[in-house]
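These notebook entries record what I looked up about ring pairs and burial.

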Amino acid sequence: MRAVIQRVSSASVRIDGEIRGSIGSGMLILLGVHESDTENEAKKLAAKISSLRIFTDENDKMNLSLADIGGGVLVISNFTLYGDCSHGRRPSFFEAARPEKAEPLYEYFCRSLQSEGVNDVQTGVFGADMKVELLNDGPVTLVIDSVELA
């Protein structure tokens, strides 16, 4: 799994003009599922992200986690994170999991965040055309691949 994590002051997702999910201070996560991913990768990634200390404390140091600030998470499925642009001008997406595999793992990742103590987990709709708005805080943007986690 690959996650692009943005620390946000707020974020929301609209589908057909309707707000589907929104959060205040917290994280916007764009989540891509690799064709070889399993629940194990989803669980490890959720544990890592939920404990990341990327929010500032009273000394303006990145020292606080989501739990420390009571922050929310907006998780957006994004198969294009596995786009391969190394050949030609059109990306290929062969490494991205097919929807029948990716959607259950995306949902499992979201449940795993909740199991890790993240109380406010909002989502888009898997496979939908979504309009995502965010107010990036910092900006702080991180990319985590589950294959890099111990």
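Entry 1. I began with the term "buried", which stands for a relative accessible area under 20%, while exposed stands for over 50% and partly exposed for the range in between. I also noted that the model is predicted.

Entry 2. I looked up Y106 and found a relative accessible area of 4%. Y106 is therefore buried, because 4% is under the 20% cut-off.

Entry 3. I then searched for aromatic pairs, and the count came to two. In one of them, F79 and F93 meet edge-to-face, with 5.0 Å from centre to centre and 70° between the planes. F79 and F93 both sit in the loop between β6 (72-77) and α3 (99-115), 14 residues apart. I checked the accessibility of each ring residue: F79 is partly exposed at 48%, and F93 is partly exposed at 31%.

Entry 4. I turned to Y106 and F126, whose ring centres are 5.9 Å apart with the planes at 50°, so I recorded this pair as tilted. Y106 belongs to helix α3, whereas F126 belongs to the loop between β7 (120-123) and β8 (131-145), so the pair ties together parts 20 residues apart in sequence. F126 has 24% relative accessibility and counts as partly exposed, while Y106 is buried.

Entry 5. Last, I looked up S65, which lies in the loop between β5 (62-64) and α2 (66-69). Is S65 buried or exposed? I found that S65 is buried, with a relative accessible area of 9%. Leaving out residues up to four places away in sequence, S65 touches S50, S51, L52, R53 and F55.

Methods
Residues numbered from 1 in each chain as written. Predicted model: local features only at pLDDT ≥ 70, side-chain atom pairs only at ≥ 80, totals over all residues. Heavy atoms only, no water. Phe/Tyr/Trp six-rings, centres within 6.5 Å; stacked < 30°, edge-to-face > 60°. Helix = DSSP H or I, 4+ residues; strand = E, 2+ residues; numbered from the N terminus. Buried < 20%, exposed > 50% of the residue type's maximum accessible area, 1.4 Å probe, protein only. Contact = heavy atoms within 4.5 Å.
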